[in-house]
Amino acid sequence: MDPKSSSTEISVEFPTIFKIYKDGRVERLTGTDTVPPSTDPETGVRSKDIVLSLESGLSARIFLPKLPDPTRKLPLLVFIHGGAFVIESPYSPLYHNHAALLTSEANVVLLSVNYRRAPEHPLPVAYEDSWEALQWAAAHSNRNGPETWLNDFVDFDRVFVGGDSAGATLTHHVVHRAGVHGLNGAKIVGMILFHPFFGNEKPDKLLEVIFPECNGLDDPRVNPGKDPTLGEIGCGRVLVFVAEKDFLRDRAWTYYEALKKSGWGGVVEILESEGEDHVFHLFNPSCDKAVALVQKVVSFINQD
């Protein structure tokens, strides 16, 4: 075979997301732009990039709000970005700006996880990376970890985990895992799911490609509403956001109902944005409904 033809022939294609060529090359069609860490001149939010594991290359971008009182410990929000497990990163303009906004508005230290993405790293690698990142952060509760912003400024009795779309799927997984197996050093108070990408009874072509180890439509890693241990989730409060026009809307409502019936002893809220589509708040953060969404997050994190 002509090597040139194999380099241009497409093996798998998901329009608007990515292509896999027959020679194994992956081309992402969106979500590849990046911005550097920075200090926001308006809000005072600072960010920097850090490495969590030299072995795997797991990394993150960490955000710190303006500190009028440096002795006051702040909540930690571990944030896991979306993008179908394939595109985007904490360094994307969309996610950098969203993380900086949450940091400023909610007055939290925010750790935005750069998990390894499919298809080069098929699922469940992103699940394992997200869990490792949460454990890495929690290990700073002894005030002697490698990241000074976590050592110096975080209240580890007020940890939250949140994510959008595929990142919300990963968020549920790590919080549930913390409930089943425990999380040393930190207390997860709440979980925030923005427009989660959960599975249902319909086959998913994307997951068939990027998650070859998936155990079918009822695999709790993609369809947690089917998990018989759903009620063991490792926090006391859950906030779920859905959008009326999102094709994933009904799956989030199904999850919400399943969690309420699971025997879990916590409180779950769901907020639907009428007339909006999937992760609209990333693309139009100044619209009224996006502002209301962020303010709901702020009150959820800072309620007594």
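Helices here are DSSP runs of at least four residues and strands are runs of at least two, both numbered from the N terminus. With that in hand, we can walk through this predicted model and begin with a glycine. Gly 225 sits in the loop that joins helix H6 (205-210) to strand E10 (237-243). Is Gly 225 buried or exposed? The answer falls in between: its relative accessibility is 30%, so Gly 225 counts as partly exposed, since that label covers values from the 20% limit for buried up to the 50% limit for exposed.

What does this loop residue touch? Setting aside residues up to four places away in sequence, Gly 225 is in contact with Leu 230, Tyr 255 and Ala 258. Tyr 256 is also worth finding on your screen: 31 residues separate Gly 225 from Tyr 256 along the chain, and their C-alpha atoms are 8.3 Å apart in space.

Let us step back to the annotated part of the chain. An unreviewed UniProt entry carries the annotation "domain: Alpha/beta hydrolase fold-3" for residues 77-281. In the model, this span is 34% helix and 20% strand, and the C-alpha atoms at its two ends lie 18 Å apart.

Now turn to helix H2 (residues 93-106), where you will find His 98. His 98 has a relative accessibility of 6%, and because buried means under 20%, this histidine counts as buried. Beyond its neighbours within four places in sequence, the contacts of His 98 are Phe 79, Phe 194, His 281 and Leu 282.

Next comes a pair of helices. Helix H3 (residues 125-138) packs against helix H5 (residues 166-181) at an angle of about 55°, and their axes are 9 Å apart. Why are they called oblique? Angles of 65 to 115 degrees count as roughly perpendicular and those under 35 degrees as roughly parallel; the H3 and H5 pair fits neither class and is therefore oblique. The crossing of H3 past H5 is right-handed. To see the contact itself, look on the H3 side for Ala 126, Tyr 127, Glu 128, Ser 130, Trp 131 and Leu 134. Facing them from H5 are Thr 169, Leu 170, His 173, Val 174, Arg 177 and Ala 178.

Finally, a word on the cysteines. How many disulfides does the structure hold? It has zero. Cys 235 is buried, with 9% relative accessible area, and Cys 287 also counts as buried, at 14%. Both labels follow because buried means under 20% relative accessible area.

How values were computed
Residues are numbered from 1 along each chain as its sequence is written. This is a predicted model: local features need pLDDT of at least 70, side-chain atom pairs count only at pLDDT 80 or more; totals for chains, interfaces and linings use all residues. Side-chain values use heavy atoms; hydrogens and water are left out. UniProt positions are given in the numbering used here, feature names are shortened, and annotations may be inferred rather than shown by experiment. A disulfide is a pair of cysteine sulfur atoms within 2.5 Å. Buried means under 20% relative accessible area, exposed over 50%, partly exposed in between (1.4 Å probe, protein chains only). Axes are lines fitted to C-alpha atoms, for helices over the stretch in contact, and angles run from 0 to 180 degrees between N-to-C directions. Angles under 35 degrees count as roughly parallel, over 145 as roughly antiparallel, 65 to 115 as roughly perpendicular and the rest as oblique. A crossing is left-handed if the near helix is turned anticlockwise from the far one by less than a right angle, and right-handed if clockwise. Contact means heavy atoms within 4.5 Å.
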